[in-house]
Each structure stands twice: as structure tokens, then as C-alpha cells.
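Please look through the structure shown below, beginning with its domains, then turning to one of its sheets and finally to the contact between two chains.

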Amino acid sequence: MPERPGDRPLPGSAGSSLFSRLEPLLEQVSKPIQYVGGELNSIVKDWNCGGVGPDGQELTVRWALMYPDAYEVALPNQGVMILYEVINERPDALAERSYSVWPDMEALLRREGISQFTVDGHRALGDFDLFGVSMSTELGYTNLLTALDLAGIPLHSRDRVDGDPIVIVGGHAAFNPEPVADFIDAAIVGDGEQAVLEVSDLLTTWKSQGRPGGRHGLLLRLARTGGVYVPAFYDVDYLPDGRIKRVAPATSASGVPWRVSKHTVMDLDAWPYPKKPLVPLAESVHERMSVEIFRGCTRGCRFCQAGMITRPVRERSITGIGEMIETGLAATGFDEVGLLSLSSADHSEIAEIAKGLADRYEGTQTGLSLPSTRVDAFNIDLANELNRGGRRSGLTFAPEGGSERIRRVINKMVSEDDLISTVGAAYSAGWRQVKLYFMCGLPTETDEDVLQIADLAKRVIETGRRISGQRDIRCTVSIGGFIPKPHTPFQWCGQLGAPETDARLQKLREAIRSDKRYASAIGFRYHDGQPGIVEGLLSRGDRRVGKVIEAAWRDGARFDGWSEHFSYERWMRAAEEALADEPVDVAWYTTRERGESEVLPWDHLDSGLDKDWLWQDWQDALNDVEVEDCRWTPCFDCGVCPQMDTNIEIGPTGKTLLPLTVVKAGKANLLERT
Amino acid sequence: MARTPEGPPPAPSVQKLRVRYAKRGRLRFSSTRDFQRALERALRRSAVPMAFSAGFHPHPKISYANAAPTGTASEAEYFEISVNERIDPQRVRTALNEALPEGLDVLEVVEAPPGSPALADRLQASDWVMEFRGMPVGSLTDAVAWLLAQERVEVTRVMKKGPRTFDVRSAVVSLVASPAPDGTCAILRAVVRHTTPTVRPDDVLTALYSVAALTPPTPPLVTRLAQGPLHTANAMVADPLAADQDVNGTIGGDAQGSASSEV
């Protein structure tokens, strides 16, 4: 029989493969391919690639990276893919990936006593030095606990000892890591590329010096950099009414800063990752090659945490983008390219990029997509260009708010006439379906604001029918509950309760259905209010919420982002039990409006945004005052650039994309020689 | 307003190639769809000048034949591709092997002569080997004897449209139990005719369980050694590409009947 690649010679020793024990289980689980690894562009490095120091110290830096969701969602995650490659390029370091196992596999692992494993070397998570977890959504917290527990790593950081991995979280949810403070050793906020290398350096130095101070010593070194938050080194005091009194460095942790800074990578062209994107064998949610064309956004949408915490805007150059796509397609064989960012049509040279790519890949059956949702006619031109000759099925726009008033509140500057003329342009260019994204439960919102979505959708259909001369055009309204997030101007606002959200959506549904002339042409998709309350609790929670997470997890909470696994009742039960002795409850964390002077659980994590500016922006929101984009108007002092010593990095560069000849060269090699 | 694709229609197909590949090691857990996606990407990476179908969603012209079930390994899987420029089969074999993940290995590429009968028609039977780790050969030998003594052995399998009951015995051409040379496991060789519904190795196992309560300690490692025309006289599965090789005058890969040497 051919040798099975997972097997390694030293069973039982650290870093040895568990594959031979896993293999019989793979016969019994759904979609076993997600656990076998071996994806194109994946890598398994020597466990001792870092060698040993002069006194016999082992010096390899070993990261296990996890995105705590199912493989099909987790594998395409760009963050993990980038860090995986950045770390593995370093000769003395290795990174392997781990994903959440489905309940069928979890049960078998427990029965057989097998650890949570990496899919690359099938090594036990507990064997690694560092366990890096990318938390882009709070609904992955219970999956993090499952992974720790399956790996035999103590759930609480205070119970971990020398030899246990350092558990580090990153990603957007890490901007308020307090709800998981008990379970993690450290959090890193902001861009990860440079940060993982700095942590790796620190680990190497600590190892080469004979691991002074053990685990505690290493954590102290990390915390003293000012860029790694170690919750155990900070004490939280509460007021009698339940609000936070103070968060301060613990007396035992000398030299630890009061506030921990986010990391910001400048010059994206110097970080062209992923160079070799992973290509899964199993089906995944994004079957394409993604290129981040810029990072950050200063549109200033007040609900948008991503836009607030990733400032300033840093563009990748048109030529940098062209090179990444060229090498990425050659390395993967993907037939679709997605140009990613928070608002892709805003790249200073997007028209040149779209035309250049469309020219380059014409006739190669390569799809190009721009998942931008900006509402203007320029966006239609771009979509047309990227879609040359293809079938024009659907376009998506995100007005976010139903009425012009509420759009001023959220600072999404789109008038109704803009929207109608944009969809008119889409229908006249042959697009047949328009999707519109909205939110429900925005600050100051009334039923009337939401009901205007129905009028808008009807106007869209009316316009489409008039312009296309056809009746079979469609508009889909997709709407979800708004969840206030940390580090945004809405971090103080009260979230709309689940019953109120559901009632408002019900009224909207009736308003759409009531008019027979349009009802069949308008699709309506909405999310129930209940999951939003749990997400809201986890988003703006403090350390006391950790007990809720643990109780829900012990009661079986897993995969909370999946509606078929999510249970609102379980979470409410857990909250009632865990917060019974506290002066706070779920409503206190979610639907309560906060005051200006309240200490927020994440105030000591520095996103660069000035809290006074955020408060002013919150007041402006309440007064329907809009704010411009600092890329084309003067700085409005959000605070990020001076605080983080960064600057906006945008074009234009004036360069263009030249035609490619590589594809032809590859083919010539295959032709029959006569 | 209905639109038609702009530009000229796709270039016509000028050559059809038949490919035999293996699914090995941990990649035996890949499904048919997993393989299809991997192949399409490998064809793009290796710049094979694929012929495409017309229309708004052009697809590369590939036809897949009778893939082994998820979880089973195989030394004899087949597909055909059509290309719009003549290419050298051996170069394609090398290029595809570089582009596919290790464990999906292209073994043989031959040109299909114009007008040659469909490959699927030649795939009449499969030769399977099942490796039962940690099981004495005796119980397997007994179970095989019991099964062969029956005229019909019906099994029920849940398919997409619900449970379906069908006979396994009539599809089984030969069934031989033997000990592994090193004595660590029992080995079952099965030549099974391709019927509708297909009798899969796990159906044979279900049948063995139903006639003789055979319950292996762990699921066996299953590998398809060959599929092709069935020579009933000696229960041999022949090489389905042999006819094409004769026409091409090329020497193909290993003869199918002796594929067991790779096991």
C-alpha cells in the first residue's frame, strides 16, 4: 500500500502525528476530507526546524492557528491564510491549521481520547508553543472552548502551566476580548502579519535564554511590548450598580502599560500575502482567489466596526494587485478572483484595475468579482467591465437604512434618488436582479424608517420594469438586526430587543406583501432578533460574561453562528444562572444605553480612535449630522493617525496593467511536437 | 432584455484524451465532487487547452466515469477530456501530476481514436481488495463461503431518493479471502460486475454481515485495483484503455490484470 503521509515515526512524543488513530474515525464521520489536510499549497515542516542553541535549548517556534468554525467556512479565511504563510516562510518557525470539528467528530474524539488536532501534521494542539485563534465573530467563542477542552488544555488561563500553549486571540472580536478573558492568555488587536513575527522573535529569545520565569515570564515580556494584551495582568473593579469602576494593570505586573495598542501594517505592497492561497479539496464557501485591494475604510458608517478599527486606508497598488492575481492564479488554478476590501469601488485606481484585469483575462474563462455594495452609477460601470460578455444576473447594494433620515444617522450618505438612478442604470445594462441590504434596530429608528424599505423596493421594481420593458425583474430585500459594536460611535447605544426587532420586521413583511402589483417581484430575507441579542451580549460584554459563555458551552452550545445549532433558550438559561449573583443581566448588556462617563470594558484596548471624537460622532448621529471621508476632505480628527503614527496610503500611481504572456508559455509546453 | 454571450463561439474540440488516475492514501476521503473541482483547477494550472461548452456559463469538456465511493482508494479511476489544440498525452500526464495534490496521481493518458466507443461502456466490472486490519482470516473465509453459497443476498442502502433494496450476490463474480503475507490482516479480493444500482464494496460487506454476521473490528481499507471489460471465463477485469493503446501504438501503463502487484 502507498505510505500514508500523515504518519511519523515517533508515536507518543511531542509533535508526532495522530493520523493513524484518526483514520478509522474518518470512516465514520460526515465529510471526512475536511480533516485530512494535504490541500494544495499547504505545508508540513520539520517539528525541529528551528534547531537547538549552544546549550541544547530547542529553538523552534511552533504555532497552531485556528479559525473556530467549520472547515468549509474557516479554510477560506484570509487572516489565517496570511499568518500561516508568513510564519511558515520563517526558517525557524512552523504554523499548522486547526478547524472546529463537527459534533459527530467531537463525540468520536472524546470516546477515543484523541486531542483536537491540526490538519497539516495531525499534531495535538497541546504540543505547540502558541495557539493563535482568529476571532472574527463572537459567535465562535463556544467553539474555542471546545477546541481547548478537546486538546486537554485547561479551559481557564489561570490553570495552565509551563508546557501548555500560550492561547492568543486576534481578529475583529479581539478588540473586546473581555468576555473571553478567563480563557485566553493574550489578545493581539489589529493587523497580524508583523505581530506574529514579533511574538515569534520574543519566544525564540525567551527559549534561547533558558525560558526565564517560565510561562509567566514569557507573558510578562509579551505584555510589556505594549502590543499584546494579557488579561491576567489587568484588574477590573466594579461599582455597586454593576458598571466598571476601573481597569488597571495589576500590581504584580510591573512595566505593563495602561492601554494596549493595535497593530497597523503600512505599505501593503510589501506584504503580498497570501502568495500561494490554500486550495481546499472539500467544497468551501468561497471558491475563489481573494485579493485584498486595500485595508481600512474612512467612509465613516457609524455602525461599522470594521471601518472604525482598521483605519487608516492603505491601498495596494494597481501593479501589486496585478502581480498577486497572476501568481495566485498560477498557484491555485482558481477560475474566479474576488477583489476584496471594505468598499472596493473606493480604490483610487479601481477603474484602471477593472479594465486592466478584464483585458488580461479576456477569453481565459476567469471570473472577476467586486463584492462592493456602494450605491452609485460608477459601481455599475465597474460591474459591467468585470462582467464583459458574461450573464448579468444580480447586483448587490447596501443602503443599510430605509429612510433618508436614518441614513443620515448612520452616516451612509445615499439619497433615495441616487439609489433609484443606480438601480435604473443596473437594469438598463441588462442586470435582472438587485439585492438590497438593510439593518433594523438602528439608533433612533422608528417603524416608519423601516417601512420605507417597502416603498423603496416598490420604486425599484417600478423603475426596473419601466427601463427594461419587462416584468420578470426582481429585487431582494435582505435585512438583519443591528448589533452595536465596541470602538464605534454606536458603542453607547441601546440595542433593540428581540421581540421589538421581530415585530418591526413583521410589519415590513406585511407592507411588502400587501401590494399585489409588486409582492411577487420582491424577495424578503430577514434574520430573527434572538441570535442578535446573544451576539450583542458577547460583543459588548465584560469579564463577567465569561461565566455565561462557559455555562452555555457546558450545556452544549456549539457552532452558535449556525441557526441549526443555535439555541437562544440555552443562552438565556446560562445567563440567568451565571449572572444570578451580579447586579447585571442580559438586558443590561444589550438594550441599555450607556452614558458618556461610563468606563467601557474595552477602553484599555487602543484602536487609535479618540473616545471624545467617538462620543461627538454619536451626538452628531443623534442630530442627523453627517461626516465626510478624510480621503477627499480634510481630516476630521478621529485620532487614529496621530495616535498610531500612521498615514493614509492611497494612489493614484498612474500605472497600468500590461498584458500577460505566461499562460501561453505554459500551454506551449504541452503541445504535440510534429 | 435577453443577452447572448458576446464574442466568437468557443473553439471546437480536436482531440479527446482518456486518463486513468489513482486515489491514494488520505485522499481516498475525497468525494467525486472534490476530485472534479481539483481536476478543473489542475487543468487550469497546467494550461491544458480545454475545449469549452458554449453559453453564458462555459464548462470545460470533461466526462467522468464511475468514480469510487468516498473513503475508498483506487488505482483505476477514469475520465476523458476534450481539447481544442492537439497536445502530447505524455506531457499532459506529467503536467497534471505536478498540478494535482499528492495522492491524486495520473497514471496513464491515451488518445481516444475518433469514433471509438464510449469509455463508460467498457467499464463493466471492478476488481476490489479489502484489507481487514486486526482480523483473523478464518472468519472471513467462512463468511465468504456462506455468501457464495447463496443465490440471492439482498441489502438495503439509503440513497438520495430513500432506502433501496437490491441483490448483491448476482453482481459478485468472484470473492477470495486470504491472509496477508505478514499475517497482520485478512484480505478479501472481490470482482464485482457493474450493475444498477452499483454494488459497492460496502454493500458486499453488508451482505457478509447479513449472511455470516461478519463484524470487522475496524472498517477495512478498500482499494479498487482495476475496472474494465469483464472476462467472465477467468473472472478477470481487463484494461479498458488497451484498445486505445493498440491504435495509438504507444505503450501504456501497467497491464490492469496484474495491478495487484502495486498493493
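**Domains, sheet and chain contact**

In this predicted model, the centres of domain 1 of chain A and domain 2 of chain A, taken over C-alpha atoms, are separated by 30 Å. Domain 1 covers residues 19–261 of chain A, while domain 2 is made up of 288–390 + 608–674. Where these two domains touch, domain 1 of chain A contributes 6 residues and domain 2 of chain A contributes 8 residues. On the side of domain 1 of chain A that touches domain 2 of chain A, there are 2 nonpolar and 4 polar residues, with no charged residues.

Chain A also holds an open sheet of 5 strands, paired in parallel, whose order is β2-β1-β3-β4-β5. The edges of this sheet are occupied by β2 (93–100) and β5 (186–187) of chain A, and because each has a single partner strand, one side of each is left without a neighbour in the sheet. Strand β1 (residues 61–70) of chain A runs parallel to β2(A) and is joined to it by 8 bridges; along this pairing, A:Ala64 is found opposite A:Glu96 of β2(A).

Between the chains, the contact draws 41 residues from chain B and 38 residues from chain A. On the side of chain B that touches chain A, α1 (32–45) and α2 (89–99) of chain B are the elements giving two or more residues, and α1(B) supplies the largest share, with 7 residues. Sorted by class, the residues on this side of chain B comprise 19 nonpolar, 8 polar and 14 charged.

Technical notes: Residues numbered from 1 in each chain as written. Chains lettered and ligands numbered in written order. Predicted model: local features only at pLDDT ≥ 70, side-chain atom pairs only at ≥ 80, totals over all residues. Domains from an automatic or database assignment. Contact = placed C-beta atoms within 7 Å. Nonpolar A, V, L, I, M, F, W, Y, C, P; charged D, E, K, R; others polar. Helix = DSSP H or I, 4+ residues; strand = E, 2+ residues; numbered from the N terminus. Pairing = 2+ DSSP bridges.
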